[in-house]
Amino acid sequence: AMAGASDGPGFAAEPVIDPPIELKSAAPTPRLPSPEPAEVSEVAEASPPEPTRHPFHEPLPSVAQLAKGPANEVAQLSSAACRKRLAEIESSVERFRGAAPNVGWPLRIVAPLGEVRFTVPPASTPFGVLDCRLALILHELTEVLVEHDVVRVRIDNFYRPKARLPRRRSYSQHAHGLAADVMEFELRDGQRLNVEDDWHGERGTPPCGPEARLLEENERSVRLRNLVCAIAARGLFHHILTPNYDAAHRDHLHMDIKRDAKWFGVR
């Protein structure tokens, strides 16, 4: 954080005090009436009202705290260890038998995960394929989703075989089936929180924390931002990119996990 510039000390001029005057008459000196003190409300400037605070304004946990969350632990699992853990929980995925280069253990979601349904690309495309480790994270994600009354999540894609990081030669986590592009959340009451329509953020500003703000505040924009920041605070993903990040993410949220990741971020 940058320290603010000091205004510098401001000293008032010393008042000039005249020497006492010797009175020539015994008559008492008349006193002028003291001016009535001004009402404080008339001279004090009105303080601006405090902006409404929402859960998304809460500071996010430190990187050290987030490192103890699910993303770090699950991302390090081997395919065999992941398969074993997935077999121990009620799963709604099945093995993908097609080609999926660079994906450790490729799966497809074929039924709701608990109370939440994930709408994914059709089986005729590779975009609905995800790695076993991401499937485990989505199971944990459903706890947060249910807390926020989400019953359905619309996914644009998980797996993009040739996806690379912008301006780099290294692969994106999409190329490993370890990332999800989320377009929309549907709530129990039928409302839909659409990222493109309801985010209302400002590019280059923090999505979460005390400095976060909405350009247009309404019920859907507040609920969407509260949800995304709650997900970020659980340490479920290493990286969350929002429309605040760049124009390429104007209509979706990118969420990924990464083996040996050193940091967490929501941008």
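Asparagine 102 is partly exposed in this predicted model, with a relative accessible area of 43%. Along the chain, asparagine 102 sits in the loop that runs between strand S1 (93-95) and strand S2 (106-109). Its backbone deserves a careful look, for asparagine 102 has a positive phi of about 75 degrees although it is not a glycine.

A second residue can be read in the same manner. Histidine 200, which is not a glycine either, has a positive phi of about 55 degrees, and its place is in the loop between helix H6 (195-198) and H7. Is histidine 200 buried or partly exposed? Its relative accessible area is 21%, and since buried means under 20%, histidine 200 counts as partly exposed.

The loop between H6 and H7 also holds arginine 203, and this residue shows how parts of the chain that are separated in sequence can meet in space. Arginine 203 and tyrosine 245 are 42 residues apart in sequence, while their C-alpha atoms are 5.9 Å apart in space. Once its neighbours within four places in sequence are left aside, arginine 203 is in contact with Pro243, Asn244, Tyr245, Asp246 and Ala247.

From these single residues we can step back to the whole protein, which has seven helices and ten strands. Of its 267 residues, 40% count as buried. If we take the contacts between residues at least 6 apart in sequence, 67% of them join residues at least 24 apart.

Helix packing comes next. Two packed helices are described by the angle between their axes and by the distance between those axes. Here the axes of helix H5 (residues 132-147) and helix H7 (residues 219-233) come within 10 Å and cross at roughly 145 degrees, and the crossing in which H5 passes H7 is right-handed. Which residues of H5 and H7 meet? On the side of H5 they are Leu141, Val144 and Leu145, and on the side of H7 they are Leu227, Ala230 and Ile231. Sorted by class, this contact of H5 with H7 has six nonpolar residues, with no polar and no charged ones.

The empty spaces complete the tour. Rolling a probe the size of a water molecule over the atoms shows where empty space is left. The count comes to one cavity of 30 Å³ or more, and the largest cavity has a volume of about 50 Å³. H5, strand S5 (150-157) and strand S6 (179-187) each supply at least two residues of its lining, and S6 gives the most, with three residues. Among the residues that line the largest cavity are Leu138 and Leu141, and Leu141 has already appeared in the contact between H5 and H7. By class, the lining of this cavity has ten nonpolar residues, with no polar and no charged ones.

The largest pocket has a volume of about 630 Å³ and is lined by 26 residues, of which Leu165, Pro166, Leu241, Tyr245 and His254 lie nearest its centre. Tyr245 is also one of the residues in contact with arginine 203. Strand S8 (239-241) and strand S9 (253-256) each supply at least two residues of the pocket lining. What classes of residue make up the lining of the largest pocket? The residues divide into eight nonpolar, eight polar and ten charged, whereas the lining of the largest cavity has no polar and no charged residues.

Note on methods
Residues numbered from 1 in each chain as written. Predicted model: local features only at pLDDT ≥ 70, side-chain atom pairs only at ≥ 80, totals over all residues. Heavy atoms only, no water. Axes fitted to C-alpha atoms, helices over the stretch in contact; angles between N-to-C directions. Helix = DSSP H or I, 4+ residues; strand = E, 2+ residues; numbered from the N terminus. Left-handed = near helix turned anticlockwise from the far one by under 90°. Contact = heavy atoms within 4.5 Å. Nonpolar A, V, L, I, M, F, W, Y, C, P; charged D, E, K, R; others polar. 1 Å grid on protein atoms, 1.4 Å probe; cavity = no way out; pocket = protein on both sides within 12 Å on 5 of 7 lines; lining within 4 Å. Points joined across faces, edges and corners; volume = space filled by probe spheres on them. Buried < 20%, exposed > 50% of the residue type's maximum accessible area, 1.4 Å probe, protein only.
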